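Subject: Structure handover

Hello,

Here is the structure I said I would pass on. My notes on its cavities, one helix and the nonpolar cores follow below.

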Amino acid sequence: MDIGGRPSASADLRSRPALSVRTKARAPAADTDERTASEEEPVSPTARLMEDVYVVVTIGLGSPINVPAFTAGVANLISPYPRFHCIQVTEGGNRRWARVKVNVDEHIVVPELDPVAVAANPDRAVEDYVASLSVYPMDPSRPRWEFHLLDFPTSEPGVVSTVAIRAHHSLGDGVSLMVLLLASARSAADPTSLPVMPQQSVRTGAIYARQPRHAGALARVWSWFVLMWHTMVDLCFFAATILFLRDPHTVFKPAADDGDDDGDGVFHHHNRRFVHRSLSLDDVKFVKNAMNCTVNDVLLGVASAALSRYYFRKSGDINTKEICLRSVLGVNIRPTTSLQTYVNMIKSDKSNEVAWGNQLGQILLKIHLAMHDDPLAYVRKAKETMYRKKSSLEVVFTHKTSECFLKMFGPKGGAFIFGRMFTNTTLSFSNMIGPAEQIELYGHPVVFIAPSAYGVSQALIVHYQSYNSIMKVILSVDEKTIPDYHQLLDDFSLSFEHIMDATSRLLASIKKE
């Protein structure tokens, strides 16, 4: 399936001079007549909006890959979850999930890469291969998920092999896919136990705060007035974004006439690159405690500082004091936000009670680009921005609005909102909480987890993923718009170092006083 006249993805893979890719021969796809169940649940409105969006998760392993054991583990993993045995079919204008027979071997890919290229630069070999997934189409006649096994070490400490998971976003959002990963993993300290998730702190902000009993009626009325006012303002800006309000052209956003983006929110032409870097989770928490803020505040501040550093260096702009860009932030709208709750459900054989699929709302988050003398100014501004968004019901209304448009106007109406939201903003931003301890995946110790995505029109997607004692920053970039993406990744590391140093100096000065 080639979109927008793009050369076929398989031809693009074969044309790579540095990387030769040959995979196992695949059996013919299951015919409709071979379906073991003729009818399943309808595809949810949110999942229908994800038609061109895919999740890519890179996992570093601390041992060589035992392919038979890994394949058996994947087979056991998907067995109790019907969604991973289903494809999407359209009948009478309605789209639903239809169950098909699954041959797990067809979803396990063991590529034979050019040994010279791998020996010369294994890191580049992994990066090139994972990037190739963004242009290599998946067969819609099979359930759209697959595991790619790259059995050679890279320069990252402790990494002996790499697994790249690609799945269509309609199968689940970050939370449900992370729960699925945890369901198949075990604690490295106790292989009989499921992983332990970190304790999540109580959320703060006007939307979450409970008014104390002694608070007067006026205080309660005022808090609700502020909540409704902020919600109304946010919805007005959201509507303006869908209709006409567009972020300015910067080094992070291609010009309106660059390429063949037709406004549907899908990038039709350029490869994506997926790169990641490790930060110390303890250092992130050190800044959080010192600044009396949240981990999300710190991470947004780091992103703002890194993007500012890259922008002003790349553009040479010395006259502009501040630029305001906007990010689409996906928010989990499930009743409970604790992954440990879902892990406990799985442990108690109550996996059917887990809220699978896509249950996301979106908020538009401001990213301020500026050159501050004090690195902590980025964290303070991020804290202010995030606190303001907590005093709004924007995420609930944006989710419901997209669903209503999809039901009233069909896929084109929902895709219009979804596409314009991404086309008129600059980047996407997300943060996922991972296990608090080292885990094993089918007997293979996991060194890092790096989730990302592709399929939207934005040239930059920033993901954060915590795992054990590290915080991964993962960038999904359009390599034509941001060709020096490794330099941008360096800016994240350097910006965090500066924020750490400034935090240490701040605490030292307080102690002296």
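Strands, such as the β8 mentioned below, are DSSP runs of E at least two residues long, numbered from the N terminus. Please bear in mind that this is a predicted model.

Cavities

Rolling a probe the size of a water molecule over the atoms shows where empty space is left. Here the count is two cavities of 30 Å³ or more.

The second largest has a volume of about 30 Å³. Its lining consists of Thr 58, Phe 274, Val 275, His 276, Ala 450, Ser 452 and Ile 474. Strand β8 (272–280) gives the most to that lining, with three residues, and β13 (444–454) also supplies at least two. Sorted by class, the lining of the second largest cavity has four nonpolar, three polar and no charged residues.

The largest cavity holds about 70 Å³ of space. Around it are Thr 46, Leu 49, Met 50, Leu 360, Gln 362, Thr 398, His 399, Ser 402, Glu 403 and Phe 418. Helix α12 (394–423) provides the largest share of this lining, five residues, while β10 (360–370) supplies at least two. By class, the lining of the largest cavity is made up of four nonpolar, five polar and one charged residues.

Helix α9

Helix α9 covers residues 295–315, 21 in number, and spans 30 Å from its first C-alpha to its last, close to the 30 Å expected at 1.5 Å a residue. Of those 21 residues, 15 are buried, so α9 is largely enclosed by the rest of the structure. After the helix comes Gly 316, which has a positive phi, near 70°.

Nonpolar cores

In soluble globular proteins, nonpolar side chains tend to be buried together. In this model the largest nonpolar core has 50 residues, and the members that touch the most others are Phe 252, Leu 460, Tyr 464, Leu 475 and Phe 492. Helix α9 gives the most to this core, with 10 residues. Another core, of 41 residues, lies apart from it and includes Leu 61, Leu 149, Val 163 and Val 446.

What does Leu 460 contact, leaving aside its neighbours within four places in sequence? The residues in contact with Leu 460 are Phe 252, Arg 272, Leu 307, Thr 426, Leu 427, Ser 428, Leu 475, Ser 476, Val 477, Ile 482 and Leu 488. Two of the names on that list, Phe 252 and Leu 475, also appear above among the core members that touch the most others.

Regards

Terms used:
Residues numbered from 1 in each chain as written. Predicted model: local features only at pLDDT ≥ 70, side-chain atom pairs only at ≥ 80, totals over all residues. Heavy atoms only, no water. 1 Å grid on protein atoms, 1.4 Å probe; cavity = no way out; pocket = protein on both sides within 12 Å on 5 of 7 lines; lining within 4 Å. Points joined across faces, edges and corners; volume = space filled by probe spheres on them. Helix = DSSP H or I, 4+ residues; strand = E, 2+ residues; numbered from the N terminus. Nonpolar A, V, L, I, M, F, W, Y, C, P; charged D, E, K, R; others polar. Expected span 1.5 Å × (residues − 1). Buried < 20%, exposed > 50% of the residue type's maximum accessible area, 1.4 Å probe, protein only. Core = buried A, V, L, I, M, F, W, Y, C linked by side-chain atoms within 4.5 Å. Contact = heavy atoms within 4.5 Å.
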